[in-house]
Amino acid sequence: MSVNRHVVIIGNGISGVTCARQLRKLDDQVQITLVSGESAYFFSRTALMYVYMGHMKFEHTQPYENWFWEKNRLALKQAWVKSIDYGSKNILFQSGEKLAYDQLVLAVGSTPNKFGWPGQELKGVQGLYSKQDLELMEENTKSPVNRAVIVGGGLIGIEMAEMLAYRKIPVTFLVRETGFWNNVLPQEESELVGRHIGSHHIDLRLETELKEIISDDQGRVRAVLTSAGEEISCQFVGLTAGVRPNVDFLKGSDLEVNRGIKVNLNFETNLPDVYAIGDCAEFQQAPAADRRPIEQVWYTGRMHGETLAHSLAGKTTSYQPGHWFNSAKFLDIEYQTYGTVPPVWDASQIDSFYWEHSSGKVSFRMLMDKSGRLVGVNNFGFRLRHEFFDQALREKWSGTKVISKLSQANFDPEFFAPYHLEIQKDFKRQFGGDFTISKPSFLQKLFGAKV
Amino acid sequence: MKLIQKLGLSLFLIGLGAFVLIPFLGSYSLNEELIIANTKEIHQEQLLEVLSPMLGKAYSSNFEFLGAFSENFDGYNDQLKAEALWDQVIWDDYSFAFALAGLTSPVQSNPWLFFALSIGLAAFGGLLYNLPAHRDEPEGIKNNGVFHSSLKSKGILGMLTGSFLIIFYIVLYWFPAYLVNLVAMVSPISELLSGNPASQWFLYGLIYTLAIIVMGIRMFRKYRGNKYQQLRTASVMFFQTAFAFLIPEILVLLNQPYFDFKNIWPLDYDFFYDYQISTFTSSGGVGMFMLIWGILLIIIGVPTFTYFFGKRWYCSWVCGCGGLAETVGDPFRQLSDKSLKAWKYERYIIHGVLVLAVVMTGVTIANYFSGFSFLGNVTNQLHSFYGFAIGSAFAGVVGTGFYPFMGNRVWCRFGCPLAAYLGIVQRFKSRFRITTNGGQCISCGNCSTYCEMGIDVRAYAQKGQNIVRSSCVGCGVCSAVCPRGVLKLENGPEENRIHELPILIGNDSVKLNA
């Protein structure tokens with residue numbers, strides 16, 4: 001088979017791998033090489049926590065069997081990149097080897113934020129992002145840890161807390177904000193998660209910042225000092241105050257780098273034949289009103305990859321994200337969101353409907369604009385159907401219509417409690433609306449869980 | 001681990017230890033009356049002569065007794081075989097009957113005491129271990145440490161457990177004479193239920209049922225908050241206890257044929273054997289009902305229920321093999337092989353067994369209606385081959401013994417001809433599918449890891465593709481373990497059930513098929 005050009009993708013995470021796979025589907029001639037220092041094969045980063053907790057082995061996090069890459073002629077190169085010569089189109093590896101490319105895709109991901117805390121490089125202090133971080137965490141928690149401190153209340157922080165709890169390591173969780181993840185979640189949801197964290201015996205300290213990490217005489221963490229002036233003795237510190245684009249090794253060249261690699265909506269950088277996708281890319285302008293210039297979730301990484309593959313195959317395609325959605329799991333509580341639900345909103349523009357189950361572990365929020373149109377939903381502790389809300393948002397359904405059809409949106413397993421009935425009743429109470437409340441089926445009535 | 005759970009585990013192990021030791025109790029001796037009472041008339045004279053060296057001797061262990069028995073009995077047969085005197089060879093296996101009859105053991109005088117010390121203690125210990133499990137934890141997925149457990153991840157405990165199960169099945173199927181103490185021990189229970197003394201099959205059925213109940217309770221604890229898992233576990237516990245264990249025994253008490261109303265051909269491979277048909281036809285209305293019921297299940301029950309609900313209605317809600325797999329086997333579900341290669345083998349093997357079962361049954365029926373002029377006794381050879389290779393070796397030894405090596409559905413996935421039949425209906429004519437929730441999959445792999453049938457669920461989920469697979473038993477665990485709410489077992493219209501070209505929701509830049 002004649003090869004027409006060589007596309008090299010640095011990074012074998014979800015964006016890079018999706019781009020490679022889609023490009024192979026669209027173009028049989030192109031030579032594709034995936035470069036990664038982190039791991040020989042693509043794995044799901046989001047599943048690293050399950051490896052630590054013994055739910056899975058590392059190989060289970062690999063979505064494709066090892067023969068897949070050769071079968072699809074996706075060459076894999078495991079090496080760390082030292083520098084890139086954009087003029088001669090060559091990649092220099094730390095090993096001294098070189099690799100020439102015709103087109104280059106930078107999908108180099110993120111790295112944990114460290115805000116210059118004193119002691120942040122001590123032994124026993126780490127973030128959690130890469131496979132190497134996971135291995136380090138195994139190492140760091142092998143010797144007895146009487147207490148761990150986690151700094152930063154986001155998704156990685158709570159994952160780390162759950163991981164440590166599995167190893168029976170008591171956790172103190174320092175969160176700068178007044179509520180858990182309340183720069184993303186509205187107050188009630190943030191409180192719901194906060195309560196759940198407490199029920200897992202995790203010591204959540206809100207409005208508390210890290211001041212300093214204190215060393216013992218062997219260069220290992222011994223304690224942390226908080227903004228409240230308290231010294232907490234600990235042998236492990238998790239730094240989980242978000243991630244930033246992993247671009248330090250790219251700085252100081254012709255490539256335009258700000259917080260991330262600057263790209264337009266075609267993922268083109270300022271240099272010809274060089275593209276950037278995924279966590280490491282920073283859009284010159286946000287791709288949509290409710291989007292940020294740096295998108296750091298699994299789904300957007302995948303979409304970047306899908307979109308760029310089309311451009312690389314000759315059909316220049318601009319990134320045009322659909323309606324926002326996301327999901328996460330906070331210990332035992334699942335969370336999904338569809339559309340836009342900011343942490344705070346202007347009550348003169350937006351109406352909010354909030355329902356919470358008496359258990360305090362299940363909730364539903366729907367935001368509507370003043371004409372009653374759906375803006376977005378948050379659901380905790382039960383599952384809702386993506387397709388349903390994608391359609392509702394696309395067709396600009398009213399909130400009332402969404403609620404009246406909510407039984408169709410239910411994605412919980414059969415016989416689970418029909419929360420949508422309670423939500424419908426509560427909505428009717430708060431907002432009125434002319435619709436009939438759904439009825440559970442006969443079998444559901446007979447065997448189903450009660451709300 | 002809580003103190004009470006530790007106590008439970010200890011009691012279970014003591015009970016298990018007693019269960020293993022009991023077969024070695026007592027002594028054995030044979031006399032003429034015993035031989036005559038336990039022998040077919042045509043063999044009585046021969047056997048009295050062949051076994052004469054054993055008469056009146058006391059053997060202090062089952063090994064000694066059965067060693068002497070086979071020395072005399074097999075020696076006699078071997079000589080006849082060498083001389084090609086085939087019609088004089090004794091083909092019947094009398095070892096179990098003689099061992100049971102010749103046994104003198106403390107178990108016989110105190111069966112309830114020994115039962116309480118062995119099976120009773122193990123079951124009680126199991127309950128003590130399972131009932132308080134996860135008591136102080138919130139509802140949620142309890143897979144912590146599965147791959148750090150030696151038992152659950154093919155470590156030394158897993159190897160030992162698997163070896164123990166394999167040995168147990170080999171002894172049960174082919175050397176039951178070594179288990180006569182245990183059979184005598186459970187005989188009073190059998191007599192209470194059916195009025196008859198126990199056989200090794202009664203012993204097996206009793207242990208099997210208790211195991212499903214004790215480990216079913218473990219499932220209730222593990223899946224607290226998951227009504228689907230709890231209901232289907234309750235269902236398999238009910239069907240095993242009532243339909244597979246109690247009702248057949250009670251039928252015998254009422255002088256009716258032994259019959260499991262939920263067992264379906266071709267899993268129930270001897271349903272059309274001539275002796276079964278004769279039993280049905282000679283047992284009046286009840287026998288005829290059983291015959292018709294069994295046939296209706298095959299031709300109407302299976303396609304209809306599978307059309308509406310998928311094969312799960314049987315495999316993970318009713319079936320006895322499925323019941324054991326879903327309760328006792330649950331700790332091993334993650335050990336199934338997810339590779340494409342395993343799927344290829346699976347399809348050849350399971351459909352091969354289905355063809356074999358159908359051909360065997362077809363030949364049997366043809367032979368029956370031709371008055372045995374068609375093939376004579378050849379079908380008996382076929383039956384014994386199938387019974388040995390599929391019924392015992394595959395379904396029993398491999399099917400259960402390999403739980404700790406290849407996961408809890410080895411038989412259901414690779415061997416069960418009924419699963420193959422249900423699967424064909426499920427794949428081509430059913431409303432059942434597992435839907436994936438738009439673009440929400442993060443490819444974490446929990447679903448694939450915990451799929452007991454070795455389906456690479458993630459491969460579908462990350463493409464936004466419905467999962468329509470003949471092998472899926474609808475256990476619902478992929479949906480339970482998914483951290484992002486991506487998977488849902490659904491029955492719905494056949495239209496668009498099979499997505500050839502799925503589209504992931506959420507990216508308006510391109511329309512593509514992932």
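How far apart do the C-alpha centres of domain 1 of chain B and domain 2 of chain B lie? They lie 60 Å apart. Domain 1 of chain B covers 27–103, and domain 2 of chain B covers 431–511. Such bounds come from an automatic or database domain assignment.

This is a predicted model, in which local features need pLDDT of at least 70, side-chain atom pairs count only at pLDDT 80 or more, and totals for chains, interfaces and linings use all residues. Residues are numbered from 1 along each chain as its sequence is written, while chains are lettered from A and ligands numbered from 1 in the order in which they are written.

**Chain A domains**

Chain A is divided into domain 1 (6–111 + 244–312), domain 2 (125–241) and domain 3 (325–446). The C-alpha centres of domain 1 of chain A and domain 3 of chain A are 36 Å apart.

**Where the chains meet**

Contact joins 40 residues of chain B to 47 residues of chain A. Two residues are in contact if their C-beta atoms, placed from the backbone, lie within 7 Å. On the chain B side, α11 (227–253), α21 (446–449) and β5 (487–491) each supply at least two residues. The most come from α11(B), with three residues. Helices (H or I, at least four residues) and strands (E, at least two) are DSSP runs, numbered from the N terminus. By type, the chain B side holds 13 nonpolar, 21 polar and six charged residues. Here Ala, Val, Leu, Ile, Met, Phe, Trp, Tyr, Cys and Pro count as nonpolar, Asp, Glu, Lys and Arg as charged, and the others, Gly among them, as polar.

**Helix packing in chain B**

Two packed helices are described by the angle between their axes and the distance between the axes. Axes are lines fitted to C-alpha atoms, for helices over the stretch in contact, and angles run from 0 to 180 degrees between N-to-C directions. Helix α1 (residues 3–21) of chain B packs on helix α7 (residues 111–130) of chain B at about 160 degrees, with the axes 7 Å apart. That angle makes α1(B) roughly antiparallel to α7(B). Angles under 35 degrees count as roughly parallel, over 145 as roughly antiparallel, 65 to 115 as roughly perpendicular and the rest as oblique. The crossing of α1(B) and α7(B) is left-handed: the near helix is turned anticlockwise from the far one by less than a right angle. Their contact involves 16 nonpolar, eight polar and no charged residues.

Helix α12 (residues 274–281) of chain B and helix α13 (residues 284–309) of chain B cross at roughly 130 degrees, and their axes come within 6 Å. This makes α12(B) oblique to α13(B). B:Thr279, B:Phe280 and B:Thr281 of α12(B) meet B:Gly287, B:Met288, B:Met290 and B:Leu291 of α13(B). That contact divides into four nonpolar, three polar and no charged residues.

**Buried positions**

Helix α15 (residues 320–327) of chain B is mostly covered, with eight of its eight residues buried. A residue is buried if 20 or more other C-beta atoms lie within 10 Å of its own, exposed if 12 or fewer, and partly exposed in between. The buried residues of α15(B) include B:Cys321, B:Leu324 and B:Glu326. They pack against α10 (200–222), α11, α14 (312–315), α17 (378–401) and α19 (410–415) of chain B.

B:Phe65 sits in helix α4 (residues 62–82) of chain B. It counts as buried because it has 27 C-beta neighbours inside 10 Å. Leaving aside residues up to four places away in sequence, B:Phe65 touches B:Tyr28, B:Tyr59, B:Ala99 and B:Gly102. B:Phe65 and B:Tyr178 are 113 residues apart in sequence, yet 9.8 Å apart in space, C-alpha to C-alpha.

**Exposed positions and backbone exceptions**

Three exposed residues are listed here.

| Residue | Place | C-beta neighbours inside 10 Å |
|---|---|---|
| A:Ser348 | loop between β22 (333–339) and β23 (350–356) of chain A | 6 |
| A:Lys396 | loop between α8 (386–394) and α9 (399–404) of chain A | 11 |
| B:Asn496 | segment after β5 of chain B | 10 |

A:Ser348 and A:Lys370 are 22 residues apart in sequence and 7.8 Å apart in space, C-alpha to C-alpha.

Most residues other than glycine have a negative phi, and most peptide bonds are trans. A:Lys396 has a positive phi, near 50 degrees. B:Asn496 also has a positive phi, near 60 degrees. The peptide bond from B:Trp265 to B:Pro266 is cis, with omega near 5 degrees. B:Pro266 lies in the loop between α11 and α12 of chain B.
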